[in-house]
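Visitor: I'm new to protein structures, and I'd like a close look at a single part of this one. Could you take me through one strand and then show me what surrounds that part of the chain?

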Amino acid sequence: MKLQRKNRVRALAVGALAVSGALALTACGSDDTSGGGGSAGAAKTSNIKCDGKGKLLASGSSAQKNAMDVWVQAYAGACKGTEINYQPTGSGAGVTTFLQGQTAFAGSDSALKPEEVAKSKKVCKGGQAIDMPMVGGPIAVGYNVPGVDNLVLDAPTLAKIFDAKITKWNDPAIKKLNPGAKLPDLKVQAFHRSDDSGTTDNFTKYLKGAAPGDWKHEPAKKWEGTGGQAASGSAGVSSQVKQTSGAISYFELSYATAGKISTAKLNTGAKEPVDATVDNASKAISEAQQVGKGDDLALKLNYTSKAEGAYPITLVTYEIACDKGNKAETLPATKSFLTYAASKDGQAALKALGYAPLPTEIADKVRATVAKLS
């Protein structure tokens, strides 16, 4: 068991911390999901319906990279004639590349804006781009503060930290939330994403929604806060936290798990501070409302939830594709791959990686929408 666990952590670390833009099909072996009741290999590929041949290019959200690694490996094992190449360039870059007609689909941690939908009509002949939820999970607040193992923070304090209003770890606001902790007189090193990022968008939506008096900036994929240091992608900021004393940043739980990075609990107003866990994120996602029209399945999350055990800094990552007007040479493989990703098998592989599988009713809608792509 120790060897299996060691192998699983090693495989996850490779997937989470690699900074290469190219997708490494061997980054996550079958051990990645062995703790979740079976591997991503033969047992789960038996239900994959292969369709289409050749190379399928996609790019975007780095938040879903670890999920994509597992899905791509499983799909490649079942469908020998198709190569899926997903590059985790960030949500903003992925959407831009898709709107330029260079990829079959894009991954984004934020739903398309109206102007992006309008632009997509030039690429989606006779149709438009739509949002399909595929990956859910918590955005963890990872930190590296020597001697502090159970840090508690709240929205106002986080807003001040990431806007350079709190600059030392022994600040009175942090002390008040952590009365028993030995907080050092250490400089806060706040890291944010340098690239346009849906993770940044969701994180700043939380800050704006839960602490509007302390976070004056509008939520956006591009970082708008004051001060701090920048790094590229979730792999970049999580690596900086791991190696920098006094560091703090935001990234998907899978990166914290892989890097063995401590994560803060959130004081949301519930009876107990809430951990960044898959189950707690699922509680928050269950409150989401569909705001997209027709086959667009964009969701609105509740960033100010005070429900017991609901972790409010949660994102849903979308796959973005044309509802109509997809390229004939890539449509069959696109539908086949996305159908697998949204399937019970595809979603079941996520929990061991720190992601929250889609609620059944949402996954059903996604599969029905994928089947209608043309």
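Guide: Happy to! Please keep in mind that this is a predicted model. Let's begin with strand 3, which covers residues 105-108. Are its residues buried or exposed? F105 and G107 on one side, and A106 and S108 on the other, are all buried, so both faces of this strand are covered. In a regular strand, side chains take turns pointing to one face of the sheet and then the other.

Now for the neighbours. Which strands pair with strand 3? One of them is strand 1, which runs parallel to strand 3 and is joined to it by three bridges. To find one of these contacts on your screen, look for A58, whose bridge partner in strand 3 is F105. Another neighbour is strand 13, which pairs with strand 3 in the antiparallel sense, also over three bridges. Here you can look for S108, which stands opposite Y318 of strand 13.

Let's follow strand 13 a little further, to a disulfide. C322 lies in strand 13 (residues 314-322) and is joined to C124 with an S to S distance of 2.0 Å. C124 sits in the loop between helix 5 (114-120) and strand 4 (129-144), so this pair links distant parts of the chain, 198 residues apart. Both C124 and C322 are buried. The angle about their S-S bond is -70°, and the link is left-handed.

How many disulfides are there in the whole structure? A search finds two. The other one takes us back towards strand 1: C50 is joined to C79, again with S to S 2.0 Å. C50 lies in the loop between helix 2 (42-45) and strand 1 (54-60), and C79 in the loop between helix 3 (65-78) and strand 2 (82-87), so the bond ties together parts that are 29 residues apart in sequence. With -85° about the S-S bond, the link of C50 and C79 is left-handed. Its two ends differ in their surroundings: C50 is partly exposed, because its relative accessibility is 36%, whereas C79 is buried, at 4%. If you number the bonded cysteines in sequence order, the pairing reads 1-2, 3-4.

Finally, let's visit the empty spaces. The count comes to two cavities of 30 Å³ or more. The second largest holds about 30 Å³ of space, and strand 1 gives the largest share of its lining, three residues. The residues around this cavity are K53, G54, K55, L56, T82, E329, T330 and A333. They divide into two nonpolar, three polar and three charged.

The largest cavity has a volume of about 40 Å³. Which element supplies the largest share of its lining? That is strand 4, with four residues. Helix 10 (253-259) also supplies at least two. Among the lining residues you will find V135, G136, G137 and P138, together with E252, L253 and S254. L315, G354 and Y355 line this cavity too. By type, the lining of the largest cavity has five nonpolar residues, four polar ones and one charged.

How values were computed. Residues are numbered from 1 along each chain as its sequence is written. This is a predicted model: local features need pLDDT of at least 70, side-chain atom pairs count only at pLDDT 80 or more; totals for chains, interfaces and linings use all residues. Side-chain values use heavy atoms; hydrogens and water are left out. A disulfide is a pair of cysteine sulfur atoms within 2.5 Å. Buried means under 20% relative accessible area, exposed over 50%, partly exposed in between (1.4 Å probe, protein chains only). On a 1 Å grid over the protein atoms alone, a cavity is a set of points where a 1.4 Å probe fits but cannot get out, and a pocket is an open set with protein on both sides within 12 Å along at least five of seven lines; lining residues have an atom within 4 Å of a point. Grid points are joined across faces, edges and corners, and a volume is the space filled by probe spheres set on the points. Ala, Val, Leu, Ile, Met, Phe, Trp, Tyr, Cys and Pro count as nonpolar, Asp, Glu, Lys and Arg as charged, and the others, Gly among them, as polar. Two strands pair if DSSP finds at least two bridges between them.
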